[in-house]
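Please open the structure in a viewer and keep the sequence panel beside it. The tour below moves from one selection to the next and says what can be found at each stop.

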Amino acid sequence: MKWQNLGKNLAFVVAVAALTIGGWALFGPRPHQVKLSGQTAAVQKLELTAVGDSLTHGVGDDTNAGGYVALIKSDLQATGNYAVTTQNFGVSGDTSTQIQKRIDTQKKLQQGIADADVLTVTVGGNDLMHVLQAHLLDMNAKNVAKGSVAFQKHLTKLITTMRGLNKSAPIYVFGIYNPFYVYFPKLTAMTDAVTTWNKATQQTLAKLDGTYYVDIDSVLTKGGTTASKAAKSSVKAALSDSANPLIFTQDHFHPNNAGYAKMTSQLWAKMQATKKRWAK
């Protein structure tokens, strides 16, 4: 009999508890949502389209990942705020007019530009090299200035075309650099040509809306070495020394992995300074 009463009492207690808990859940105060400091509400999708020459293609990157394009994607995603997709339209050897022709004729490239949230461009190095090759024995400031004027017209047309396809995405244009400085520090004509070219490019881009210059000359040309260390008595000695640790040793022209990392740092700094153009 006692066991029966105990069983009834226990059942009663359980029933009351269940009703109490259920009633509290239905009619009790609602728990408030706690937001952690720094918590990201949503990950922003970003599409980055890269247009240009061998520096966009990633020549010299021995991982074959795509040079700075892959690295800037990693930097953006490492923040935890962005999910990034990239399209790489870099073709080695292209001049400004050849890049222009591709944009004018290739539907996939046009669509890639139109869809982008961020646009990057490497252009100008091959244009300058053509000028230097044409005046190898008699290169002077007049030749470089004439070549630069022609290039600035091509650059303006190129950016204007891209802007016509995409009204809002910021366009980041890399400058050029002198890969031969550490081997031939006394060849001032090359250094002067790069400086003239870059200054003119900055002036051109300053007139175009939402277009930004990314300096790489200051980080790639000297490569962290001193001119005295790079100065050699012969071309053979200079090339075998590999004085610039940021340049690809197989061609002594393109950046290596470390060089592309420097380029990416410069791009990332400029993107951070102009974040309102692409970040929501």
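What follows is a walk through a predicted model, beginning with a sheet and ending at a loop.

**The sheet**

Begin by displaying the strands alone, which gives an open sheet of 5 strands in the order S2-S1-S3-S4-S5, with parallel pairing. At the edges stand S2 and strand S5 (211-214), each with a single partner strand, so one side of each has no neighbour in the sheet. If you look across the strands, neighbouring ones are turned by 20 degrees against each other on average, direction ignored.

Next, select strand S1 (residues 44-52) together with S2, where 9 bridges join the two parallel strands; one place to centre the view is Lys45, whose bridge partner in S2 is Ala83. Two helices can then be added to the picture. Helix H4 (residues 96-105) packs on the sheet and touches S1, S2 and strand S3 (118-122), its direction making about 125 degrees with that of S1. Helix H7 (residues 141-165) also packs on the sheet, where it touches S1, S3, strand S4 (171-174) and S5, and its direction makes about 155 degrees with that of S4.

**Strand S3**

Now select S3 on its own: is this strand mostly covered or mostly uncovered? It is mostly covered, since 5 of its 5 residues are buried. Showing the side chains reveals that Val118, Thr120 and Thr122 point one way from S3, while Leu119 and Val121 point the other way, and all are buried. In a regular strand, side chains alternate between the two faces of the sheet. S3 is joined to S1 by 5 bridges, the two running parallel, and Leu48 stands opposite Val118 of S3. With S4, S3 shares 4 bridges, again in a parallel arrangement, and here Leu119 stands opposite Ile171 of S4.

**The nonpolar cores**

Which residues have the most contacts inside the largest nonpolar core? Select Ile103, Val123, Ile159 and Met162, which hold that place in a core of 31 residues. The elements that give two or more residues to this core are H4, helix H5 (107-115), S3, helix H6 (125-134), H7, S4 and helix H8 (188-205), and H7 supplies the largest share, 6 residues. Centring on Ile159 and leaving aside its neighbours within four places in sequence, you will find it in contact with Ile171, Val173, Leu205, Leu208 and Thr211. A second, separate core has 27 residues, including Leu48, Phe174, Tyr260 and Trp268.

**An aromatic pair**

The structure holds 5 aromatic pairs, and one of them is formed by Tyr82 and Trp278, a tilted pair with 5.4 Å centre to centre and 55 degrees between the planes. Tyr82 lies in strand S2 (residues 82-90) and Trp278 in the segment after H12, so the pair ties together parts that are 196 residues apart in sequence. Both Tyr82 and Trp278 are buried.

**The loop at Asn256**

Finally, select Asn256, in the loop between helix H11 (235-241) and helix H12 (257-273). Asn256 has a relative accessible area of 16% and is therefore buried, the cut-off being under 20%. A polar atom of the Asn256 side chain lies 3.0 Å from the backbone nitrogen of Ala258, and a polar atom of that side chain lies 2.8 Å from the backbone nitrogen of Gly259. Not counting residues up to four places away in sequence, Asn256 touches Gly60, Pro245, Leu246, Ile247 and Phe248.

Definitions and conventions. Residues numbered from 1 in each chain as written. Predicted model: local features only at pLDDT ≥ 70, side-chain atom pairs only at ≥ 80, totals over all residues. Heavy atoms only, no water. Buried < 20%, exposed > 50% of the residue type's maximum accessible area, 1.4 Å probe, protein only. Polar contact = N/O pair within 3.5 Å; in protein donor to acceptor, adjacent residues only side chain to side chain. Contact = heavy atoms within 4.5 Å. Phe/Tyr/Trp six-rings, centres within 6.5 Å; stacked < 30°, edge-to-face > 60°. Pairing = 2+ DSSP bridges. Axes fitted to C-alpha atoms, helices over the stretch in contact; angles between N-to-C directions. Core = buried A, V, L, I, M, F, W, Y, C linked by side-chain atoms within 4.5 Å.
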